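Here is a briefing on the structure shown next. Keep the coordinates open while reading.

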2 protein chains.
Amino acid sequence: MDAVDQPLRADARRNRERILLAARDAFAESGFAVPLDEIAARAGVGPGTVYRHFATKEALFQAVVTARVTNLVAEAQRLGSHADPGGAFFGFLARLGAEGAAKRDTSDAITVPGPLKAEIHDALEVLLSRAQTAGAVRPDITAADLIALMKSLLVAVHENPDPARAERIFAVLTDGLRPPPTSGRTRSPSSQMVI
Amino acid sequence: MDAVDQPLRADARRNRERILLAARDAFAESGFAVPLDEIAARAGVGPGTVYRHFATKEALFQAVVTARVTNLVAEAQRLGSHADPGGAFFGFLARLGAEGAAKRDTSDAITVPGPLKAEIHDALEVLLSRAQTAGAVRPDITAADLIALMKSLLVAVHENPDPARAERIFAVLTDGLRPPPTSGRTRSPSSQMVI
DNA sequence: CAAAATACGGAACGGTGGCCCCGGTTAGCA
DNA sequence: TGCTAACCGGGGCCACCGTTCCGTATTTTG
């Protein structure tokens, strides 16, 4: 990973841009699991060239998704001052779901331990606790639960890419996140998961 | 895969038993992804011996999980004649969740295309449609949706093995599966996932 | 107990994927 | 235009994993 980018040869700069573009597309299509050789081939360079610019495959991944995650966090913080806590929370969840359904690497980005995951976690936690205080979201859920849920549901959506099914799955999530009717327990006793 | 098992040498029969035992534990702990060499090592045999008894790793997996899945299907069919459709459905879901949380290979068994997946799908469909007709489960969900949901949630549970979190996650699922309140829409408009 | 059939173990093969290195090429500058 | 330094390409190394092969060991049988 080159820190300075001022004294960079013209072809080096051009190749770096190409690699980032190709990585963006490849990661979005196939997630982090895409072979690095395919990224290199898409960029029209050799694998060695990729490693000249990015020390490791993960560094390249970080470089690609950082901008997108930062945007998400910014939107979450913007929504954090929203009047309606429930609307802000579910709106951000919808944004996250749309992003994750479109780009396969989003679920990897918010899951792999690192600064990105921490940022999303913190941003989500603010929205979540506000919504919970307002009574719009069930109080037992944590931000880590939500990230785990989102990640696994995004995987499910990617594994059978039916838009209608994706909407149904996310509807189950959003409805399940709402506070359960606190009045006389209508839950059947057999609905407990014994682990 | 040897069809005849009558003329089987004593050590062969013993090793076959050992392999099945080791595979059962290894698959339960690590899912289908466990290296076959580890199964062989656990059984105290060489990898070649495993392949003498089972033509492929997947054949061994099928031999291990078939009994368990068959039991699940039998229980589903038994519950199918239950008086309370909702209770039967959520009870079976709880059973599936418990089984899947305890054994990591359950999610693989019900997901990999094959007869096991088809059996589970059909058994689940009966319970689901009865519960939907009774108004205990939201009507838009399909059996395939449920399998996808269960699989991904089980993966999430296995990735962070906190029993409390597992219960919370499954609570979100069961609550989200209940029919949404049909009365005046309390859903905020921003809760739609735009895909 | 000896011969024949059968099974065993583990080394080896083939494929995949992350990562590195060397010979050739190209940019930048005088 | 010619020289130097940086860069590029892709072949290659290593690790992992499913699978196969073969010399050896064990069991069965006459």
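The points below cover the fold, the pairing of the chains, two buried residues and the DNA contacts.

This is a predicted model. Chain A has 9 helices and 0 strands. Chain B superposes on chain A by a rotation of 179 degrees, with 0.0 Å of shift along the axis. That is the relation of a two-fold axis. DNA strand C has 23 residues around it, and DNA strand D is surrounded by 25.

**Fold of chain A**

- From the N terminus on, the elements run α-α-α-α-α-α-α-α-α.
- Chain A has 195 residues, of which 50% count as buried.
- Take the contacts in chain A with a separation of 6 or more: 66% of them join residues 24 or more positions apart.

**How the two chains pair**

- The superposition of chain B on chain A gives an RMSD of 0.1 Å.
- The 179 degree rotation comes with 0.0 Å of shift, and this is how a two-fold axis relates copies.
- Gly176(B) is the residue of chain B that comes closest to the rotation axis, with its C-alpha at 1.8 Å.
- The copies meet through the same surface, because 100% of the interface residues of chain B are also interface residues in chain A.

**Arg138(B), a buried charged residue**

- Arg138(B) sits in the loop between α7 (115-133) and α8 (143-159) of chain B.
- Its relative accessibility is 4%, so Arg138(B) counts as buried; the cut-off for buried is under 20%.
- The side chain of Arg138(B) reaches the backbone oxygen of Gly176(B) at 2.9 Å.
- Gly176(B) is also the residue of chain B closest to the rotation axis.
- Beyond its neighbours within four places in sequence, Arg138(B) is in contact with residues of chain A, namely Ala171(A), Val172(A) and Asp175(A).
- Within chain B, the contacts of Arg138(B) are Gln132(B), Gly176(B), Leu177(B), Arg178(B), Pro179(B) and Pro180(B), with the same neighbours left aside.

**Helix α8 and Met150(A)**

- In chain B, α8(B) has 17 residues and spans 24 Å from its first C-alpha to its last.
- That span is close to the 24 Å expected at 1.5 Å a residue.
- α8(B) is mostly covered, with 14 of its 17 residues buried.
- In chain A, helix α8 (residues 143-159) holds Met150(A).
- Met150(A) has 0% relative accessibility and therefore counts as buried.
- Not counting residues up to four places away in sequence, Met150(A) touches Leu93(A), Leu96(A), Gly97(A), Phe170(A) and Leu173(A).
- Gly100(A) is 50 residues from Met150(A) in sequence, while their C-alpha atoms are 8.6 Å apart in space.

**DNA strand C**

- The residues that come nearest are Ala10(A), Lys57(A), Arg9(B), Asn15(B) and Thr49(B).
- Of the atoms of DNA strand C within 4 Å of the protein, 68% belong to sugar and phosphate.
- A polar backbone atom of Leu36(A) is 2.9 Å from a phosphate oxygen of DNA strand C.
- Tyr51(A) places a polar side-chain atom 2.8 Å from a phosphate oxygen of the strand.
- Gly46(B) has a backbone N or O atom 3.2 Å from a phosphate oxygen of DNA strand C.
- The elements giving two or more residues to this surface are α1 (10-30) and α3 (47-53) of chain A, together with α1 (10-30) and α3 (47-53) of chain B.
- α3(B) gives the largest share, 5 residues.
- By type, the surface near DNA strand C has 9 nonpolar, 8 polar and 6 charged residues.

**DNA strand D**

- The closest residues are Arg9(A), Thr49(A), Leu36(B), Tyr51(B) and Lys57(B).
- Sugar and phosphate make up 64% of the atoms of DNA strand D that come within 4 Å of the protein.
- An N or O atom in the side chain of Arg9(A) is 2.8 Å from a base nitrogen of DNA strand D.
- Gly48(A) has a backbone N or O atom 3.4 Å from a base oxygen of the strand.
- A polar backbone atom of Gly44(A) is 3.4 Å from a phosphate oxygen of DNA strand D.
- Two or more residues each come from α1 and α3 of chain A, and from α1, α2 (36-43) and α3 of chain B.
- The largest share of this surface, 5 residues, is from α3(A).
- The surface near DNA strand D divides into 9 nonpolar, 8 polar and 8 charged residues.

Definitions and conventions: Residues are numbered from 1 along each chain as its sequence is written. Chains are lettered from A and ligands numbered from 1 in the order in which they are written. This is a predicted model: local features need pLDDT of at least 70, side-chain atom pairs count only at pLDDT 80 or more; totals for chains, interfaces and linings use all residues. Side-chain values use heavy atoms; hydrogens and water are left out. Helices (H or I, at least four residues) and strands (E, at least two) are DSSP runs, numbered from the N terminus. Buried means under 20% relative accessible area, exposed over 50%, partly exposed in between (1.4 Å probe, protein chains only). A polar contact is a pair of N or O atoms within 3.5 Å; within protein, one must be able to donate a hydrogen and the other to accept it, and residues adjacent in sequence count only if both atoms are side-chain atoms. Contact means heavy atoms within 4.5 Å. A residue is near a molecule or strand if one of its heavy atoms lies within 4 Å of it. Ala, Val, Leu, Ile, Met, Phe, Trp, Tyr, Cys and Pro count as nonpolar, Asp, Glu, Lys and Arg as charged, and the others, Gly among them, as polar. The expected span of a helix is 1.5 Å times one less than its number of residues. Copies are superposed by least squares on the C-alpha atoms of residues with pLDDT of at least 70 in both.
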